[in-house]
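Subject: Structure handover

Hello,

Below is the structure I said I would pass on. My notes on what was found in it follow.

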Amino acid sequence: MLRSMTGYGEAERETEAGTLRVEIRTVNHRYFHLTVRGPQELDRISSTLEGWLKEGLSRGHASVRVTLARGEGSSPPPMEVDLDRARRYQEGLTLLRDALGLSGEVDLELIARFSDLFQVPEEARQAPPLDLKALEVAVAEARRAVVAMREEEGERLRADLEARTLVMERRLDEIEARAPERLVEERDRLRKAVQELTEGVGVDEERLAREVAHLAERWDISEELVRFRAHLDAFWDALESESEEPVGKRLGFLVQELLREVNTIASKANDAGIGQG
């Protein structure tokens, strides 16, 4: 089956800790390559996450982003106030004002400017734990969306390649029909040239036949045409294959071989019509 390397998928799951969201983007890459952005907890399950993704994505560069957002109804983390430090600030500011003869009151607005008086407890600052089961389900759903997009684009690519392959087959038929015609034309051209040079003296048909045979051997492209058609047949087999195995490498190899035969045919044909095809 022909698949594109470009895809996108996303999925969300509600967990006790909040909304778990997974986004997957894939682009072309020779092998499978994974980059992950998200909570630090993902570091310890990186190999597990890679295994989940490889179930449907054997190749490509996959970028995964995992976020966990608290729900709107969740309560904000508790705040602690350091009253001892606040009293020391008040005493110090009062002492400073009196010692320097300054005016003004040491009030709440002034004390509240010291941000170190307000702290969130360490246990409250810790990120909520990931629900690994919900994560696995979200990854699978996002992965299926990526595969679906890659298959849809792959179908479009297959249709385009099939159309181009049909054009090559038609042109190959034209070249196979043209190949013997150019030998007849060359024979007639040689006969006419000899007659003009010898001022009407009869042409040695046996000698002319040998020259045409020599040209036919030099210009013979039958072997290249056979190989070209064989490569086209293999190309069709790859396009129509229902196997889950990737076919990109095989198609790339066949394109190289087709180009090799095209270059040889064009150089040996000695014919403008065939060369332009």
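**Confidence**

This is a predicted model. Mean pLDDT over the protein chain is 82, with 80% of the residues at 70 or more. Confidence is highest in strand E1 (residues 7-15), at a mean of 93, and lowest in helix H4 (residues 122-125), at 58. Please keep that in mind when you look at residues 122-125.

**Strands**

E1 pairs with E2 in an antiparallel arrangement, and nine bridges join the two. The connection between E1 and E2 is a hairpin of two residues. To find the pairing on screen, start from Arg13, whose bridge partner in E2 is Leu20.

The pairing of strand E3 (residues 32-37) with strand E4 (residues 60-69) is parallel, with six bridges. Here Val36 is a useful marker, since it stands opposite Val64 in E4. Together with helix H1 (residues 46-54), E3 and E4 make a β-α-β unit. Which hand does this unit have, left or right? The unit is left-handed.

**Leu49, in helix H1**

Leu49 belongs to the helix of that unit, H1. Its relative accessible area is 1%, and because the cut-off for buried is under 20%, Leu49 counts as buried. Which residues does Leu49 touch, apart from its neighbours within four places in sequence? They are Val36 and Val139. Val36 is the residue already mentioned as standing opposite Val64. Val139 lies 90 residues from Leu49 in sequence, yet the C-alpha atoms of the two are 8.3 Å apart in space.

**Tyr31, in the loop before E3**

Tyr31 sits in the loop between strand E2 (18-27) and E3. With a relative accessibility of 48%, Tyr31 is partly exposed; the class runs up to 50%, so Tyr31 does not count as exposed. The side chain of Tyr31 makes a polar contact, at 3.5 Å, with the side chain of Arg30. Setting aside residues up to four places away in sequence, Tyr31 touches Arg59 and Gly60. Tyr31 is also 7.6 Å from His61, C-alpha to C-alpha, although 30 residues separate the two in sequence.

**The aromatic pair**

How many aromatic pairs are there? The count is one. The pair is formed by Tyr89 and Phe114, and the two rings are stacked, with 4.2 Å from centre to centre and 20° between the planes. Tyr89 is in helix H2 (residues 83-100), while Phe114 is in the loop between helix H3 (108-111) and strand E6 (118-119); the pair therefore ties together parts that are 25 residues apart in sequence. Are the two residues buried or partly exposed? Tyr89 is partly exposed, at a relative accessible area of 23%. Phe114 is partly exposed as well, at 27%. Both values stand above the 20% under which a residue counts as buried, so neither Tyr89 nor Phe114 is in that class.

**Glu224, in helix H7**

The last item is Glu224, a residue of helix H7 (residues 222-240). Is Glu224 buried or exposed? With a relative accessible area of 6%, Glu224 is buried. Leaving out residues up to four places away in sequence, Glu224 touches Glu261, Thr264, Ile265 and Lys268.

Regards

Technical notes
Residues are numbered from 1 along each chain as its sequence is written. Side-chain values use heavy atoms; hydrogens and water are left out. Rings of Phe, Tyr and Trp (its six-membered ring) pair if their centres lie within 6.5 Å; planes under 30 degrees apart count as stacked, over 60 as edge-to-face and the rest as tilted. Helices (H or I, at least four residues) and strands (E, at least two) are DSSP runs, numbered from the N terminus. Buried means under 20% relative accessible area, exposed over 50%, partly exposed in between (1.4 Å probe, protein chains only). pLDDT is the predictor's confidence in each residue, from 0 to 100. Two strands pair if DSSP finds at least two bridges between them. A crossover is right-handed if, with the strands pointing away from the viewer, the path from the first strand over the helix to the second runs clockwise. Contact means heavy atoms within 4.5 Å. A polar contact is a pair of N or O atoms within 3.5 Å; within protein, one must be able to donate a hydrogen and the other to accept it, and residues adjacent in sequence count only if both atoms are side-chain atoms.
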